[in-house]
Amino acid sequence: MILMAIAAGGFLGAVSRFVIGNAVKRRFPSSFPVGTLSINVAGSFLLGMLLGLGIEGGPYAFFGIGFLGAFTTYSTFMVEVWRLEILGKRRRAVLYLAWSYAGGLSSAFLGLAAGINLLN
């Protein structure tokens, strides 16, 4: 049953990443990968919130592992950094790396704090 929850969440997360990523790209056209950055930062916040709320078992498998695992994407992030680098946009590549890591860590911490505060 847990594997089915992960698979269902993964399907919905991947589809959501595709739809939201494309919507962000259309809304904010740029050579900077703002879609992936937005998705990864939002996903970090949501995963932190799940942990702060103490979500476990099937709901965590569905949303934390499945949905957010497929929604956020380290591989796309790395390919976009590499693409910026080979296009000679080193400053953008470094900026993207910095924003992604700082934004992801900050968002995860804020989500964790928000989840803990919701329980109190």
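Trainee: Let's start with S107; which helix holds this residue?
Mentor: S107 lies in helix 5, which covers residues 90-119. Keep in mind that this is a predicted model.

Trainee: Why is S107 called buried?
Mentor: Set its value against the cut-off: buried means under 20% relative accessible area. S107 has 11% relative accessibility, so it counts as buried.

Trainee: What does the side chain of S107 reach?
Mentor: It reaches the backbone oxygen of G103, at 2.8 Å. A polar contact needs N or O atoms within 3.5 Å, and the 2.8 Å between the S107 side chain and the G103 oxygen is inside that limit.

Trainee: Which residues does S107 touch, leaving aside those up to four places away in sequence?
Mentor: With that exclusion, S107 touches V41, S44 and F45.

Trainee: Staying in helix 5, why is F109 called exposed?
Mentor: Exposed means over 50% relative accessible area. F109 has 58%, so the label exposed applies. F109 is found in helix 5, and its C-alpha atom is separated by 8.4 Å from that of M49, 60 residues apart along the chain.

Trainee: And what makes L119 count as exposed?
Mentor: The reasoning follows the cut-off of over 50%. L119, at 53% relative accessibility, is therefore exposed. L119 lies in helix 5 and touches G52 and L53, not counting residues up to four places away in sequence. Its C-alpha atom is 16 Å from that of F45, with their positions 74 residues apart in sequence.

Trainee: How many salt bridges does the structure hold?
Mentor: The structure holds 1 salt bridge.

Trainee: How do you know that E85 and R90 meet in a salt bridge?
Mentor: A side-chain nitrogen of Lys or Arg has to be within 4 Å of a carboxyl oxygen of Asp or Glu. The side chains of E85 and R90 meet at 2.4 Å, N to O, so the pair satisfies the 4 Å limit. As background, side chains of opposite charge can pair when their charged atoms come close.

Trainee: Are these partners buried, partly exposed or exposed; what is the label for E85, and what is it for R90?
Mentor: E85 has 30% relative accessibility, so it is partly exposed, since that class runs between the 20% and 50% cut-offs. R90 has a relative accessible area of 54% and is therefore exposed.

Trainee: Over to helix 2: why is L37 called buried?
Mentor: L37 is found in helix 2, residues 34-53. Its relative accessible area is 12%, which is under the 20% cut-off, so buried is the right word. Leaving out residues up to four places away in sequence, L37 touches F32, Y96, W99 and S100. L37 and T73 are 36 residues apart in sequence and 9.5 Å apart in space, C-alpha to C-alpha.

Trainee: What makes N40 count as buried?
Mentor: N40 has a relative accessible area of 15%, and under 20% means buried. N40 is also found in helix 2. It touches T72, T73 and F77, not counting residues up to four places away in sequence.

Trainee: How do you know that A5 is buried?
Mentor: At 16% relative accessibility, A5 counts as buried, because the cut-off is under 20%. A5 has its place in helix 1 and touches G58, A61 and F62, again not counting residues up to four places away in sequence.

Trainee: At what angle do helix 1 and helix 3 pack?
Mentor: Helix 1 (residues 2-27) and helix 3 (residues 57-71) pack at about 35 degrees, with axes 6 Å apart. The crossing is right-handed. Residues that meet there include A5, G9, L12 and I20 from helix 1, with G58, A61, I65 and F71 among those from helix 3. The residues of this contact divide into 13 nonpolar, 7 polar and 1 charged.

Trainee: How many helices and strands are there in the protein?
Mentor: There are 5 helices and 0 strands. Of the 120 residues, 32% count as buried.

Trainee: And among contacts between residues at least 6 apart in sequence, what share joins residues at least 24 apart?
Mentor: That share is 73%. The C-alpha atoms of the protein fill a box of roughly 45 × 30 × 25 Å, taken along the principal axes.

Technical notes
Residues numbered from 1 in each chain as written. Predicted model: local features only at pLDDT ≥ 70, side-chain atom pairs only at ≥ 80, totals over all residues. Heavy atoms only, no water. Axes fitted to C-alpha atoms, helices over the stretch in contact; angles between N-to-C directions. Helix = DSSP H or I, 4+ residues; strand = E, 2+ residues; numbered from the N terminus. Left-handed = near helix turned anticlockwise from the far one by under 90°. Contact = heavy atoms within 4.5 Å. Nonpolar A, V, L, I, M, F, W, Y, C, P; charged D, E, K, R; others polar. Buried < 20%, exposed > 50% of the residue type's maximum accessible area, 1.4 Å probe, protein only. Polar contact = N/O pair within 3.5 Å; in protein donor to acceptor, adjacent residues only side chain to side chain.
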